[in-house]
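Here is a friendly walk through one protein model, meant to be read with the structure open beside you. Take it a piece at a time and look for each residue as it comes up.

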Amino acid sequence: MPGTSGERGPFPEELPNIRNPKSEIRNSVEGGQAESVDERHRTRQFFNLVAPAFHVIDRRLLPEYRRALEKLKLEPELSVLDLATGTGTLAAAFAERGHTVTGIDFAARLLRRARRRLPQADLRLMDLADLPQLPDDAYDVVALAYVLHGMPPQMRRFALCQARRLARRHVLVFDYSGPGRWYVRLIEWIEGPHYPSFIDRPLAEIAAGAGLIVEREEHTSSMGTCWLLAHSDEPSP
Ligand SMILES: C[S@@+](CC[C@H](N)C(=O)[O-])C[C@H]1O[C@@H](n2cnc3c(N)ncnc32)[C@H](O)[C@@H]1O
């Protein structure tokens, strides 16, 4: 499939689909500038670097994802695309409920753990910037868990527009809905500069910019929420 790749070697420095002239900007399908290649490169390096500590985050998030999916009671046997799947924690929670999961992430070390955890799932080393290569309405559900807060506003909009285009039924977002504790703020500060602008704006407003409306909202922890989104009646932005 175009834009995807298996892992080659222990930690591929470059994905084949990331060209690396400094400061190249890749345009989104909507024509806006999404996120610089340099910034995505830094983000990918950050996540590969912290991969050995991810089991701590997995242990915390898996029960939240399980509880949220239990409450949402989505239709059975859905096809799910988990964007920025990381070590596949949300993908695992979906798979446990009998859904068919495809996961995409550009951090090879995290994806390797996801593949060990979910050998039956389709897990692809791929940059979200290449989502326009996937066909419309390809999945029942498109999920984004704890990824939007780390992106600049244009890339958030791009990712949600793509999720809307790819999803036949639902877009599901898990993320921060308020300021986290000091250690969360510290980790997010190390990850990059975008977390404060994310928590300052209601998710409903961000989603509206991508032609999505909030159907349901469930708090998953003191600082996290899950939003079930649907296509709005407004024409696609
Ligand atoms: C905080 S982790 C969340 C992982 C997973 N969704 C979870 O809930 O455990 C953010 C993930 O986004 C991925 N990511 C960020 N930007 C990406 C991009 N442009 N393309 C693909 N993956 C991306 C990172 O590699 C990382 O795995």
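## Starting with helix α1

At 1.5 Å a residue, the 14 residues of α1 should span 20 Å, and the end C-alpha atoms of α1 are indeed 20 Å apart, so the two values agree. Please keep in mind that this is a predicted model.

Which residues of α1 are buried? They are Arg 40, Thr 43, Arg 44 and Phe 47. These residues cover an arc of only 100° around the axis, which means they sit on the same side of α1. Gln 45 and Leu 49, on the other side of α1, are exposed.

## The protein as a whole

The protein has eight helices and nine strands. Of its 237 residues, 39% count as buried. Among the contacts in the protein with a separation of 6 or more, 66% are between residues 24 or more positions apart.

As for confidence, the mean pLDDT of the protein is 85, and 84% of its residues reach 70 or more. Over residues 1–33, however, the pLDDT is below 50, and this stretch has 54 contacts in the model beyond near neighbours in sequence. Where pLDDT is low, the predicted coordinates should not be read in detail.

## Around the ligand

Which residues come nearest to the ligand? Of the 19 residues around the ligand, those are Ala 84, Gly 86, Phe 106, Ala 107 and Ala 145. Two elements, α1 (37–50) and α3 (89–96), give two or more residues to the shell around the ligand. Helix α1 gives the most, with three residues. By residue type, the shell around the ligand divides into 12 nonpolar, four polar and three charged residues.

## Helix α5

Helix α5 covers residues 153–166, which makes 14 residues. From its first C-alpha to its last, α5 reaches 20 Å, close to the 20 Å expected at 1.5 Å a residue.

Is α5 mostly covered or mostly open? It is mostly covered, with 12 of its 14 residues buried. The buried residues of α5 include Met 155, Phe 158, Leu 160 and Leu 166. Arginines are also among the buried residues of α5, including Arg 156, Arg 157, Arg 164 and Arg 165.

## Loops worth a look

Several loop residues have a partner that is many places away along the chain. The table sets out three such pairs.

| Residue | Partner | Separation in sequence | C-alpha to C-alpha distance |
|---|---|---|---|
| Arg 97 | Leu 69 | 28 residues | 8.5 Å |
| Pro 52 | Leu 110 | 58 residues | 8.6 Å |
| Gly 150 | Phe 198 | 48 residues | 8.1 Å |

Arg 97 is found in the loop between α3 and β4 (100–105). Arg 97 counts as partly exposed because it has 15 C-beta neighbours inside 10 Å.

Pro 52 belongs to the loop between α1 and α2 (54–72). Is Pro 52 buried or exposed? Pro 52 is exposed, because 10 other C-beta atoms lie within 10 Å, and the cut-off for exposed is 12 or fewer.

Gly 150 is in the loop between β6 and α5. With 20 C-beta neighbours inside 10 Å, Gly 150 counts as buried, since the cut-off for buried is 20 or more. Leaving aside neighbours within four places in sequence, Gly 150 is in contact with Thr 43, Glu 191, Gly 192, His 194 and Tyr 195. One of these, Thr 43, was met above as a buried residue of α1.

## Two residues with a positive phi

Most residues other than glycine have a negative phi. Against that background, two residues deserve a closer look on your screen.

Asp 137 has a positive phi of about 50° although it is not a glycine. Asp 137 lies in the loop between β5 (122–125) and β6 (139–145). It is exposed, because 10 other C-beta atoms lie within 10 Å.

Tyr 146 also has a positive phi of about 50° and is not a glycine. The loop between β6 and α5 holds Tyr 146. How exposed is Tyr 146, and on what count? With 17 C-beta neighbours inside 10 Å, Tyr 146 counts as partly exposed.

Note on methods: Residues are numbered from 1 along each chain as its sequence is written. This is a predicted model: local features need pLDDT of at least 70, side-chain atom pairs count only at pLDDT 80 or more; totals for chains, interfaces and linings use all residues. A residue is near a molecule or strand if its C-beta atom, placed from the backbone, lies within 6 Å of it. Helices (H or I, at least four residues) and strands (E, at least two) are DSSP runs, numbered from the N terminus. Ala, Val, Leu, Ile, Met, Phe, Trp, Tyr, Cys and Pro count as nonpolar, Asp, Glu, Lys and Arg as charged, and the others, Gly among them, as polar. The expected span of a helix is 1.5 Å times one less than its number of residues. Two residues are in contact if their C-beta atoms, placed from the backbone, lie within 7 Å. pLDDT is the predictor's confidence in each residue, from 0 to 100. The arc is that of the directions from the helix axis to the C-beta atoms.
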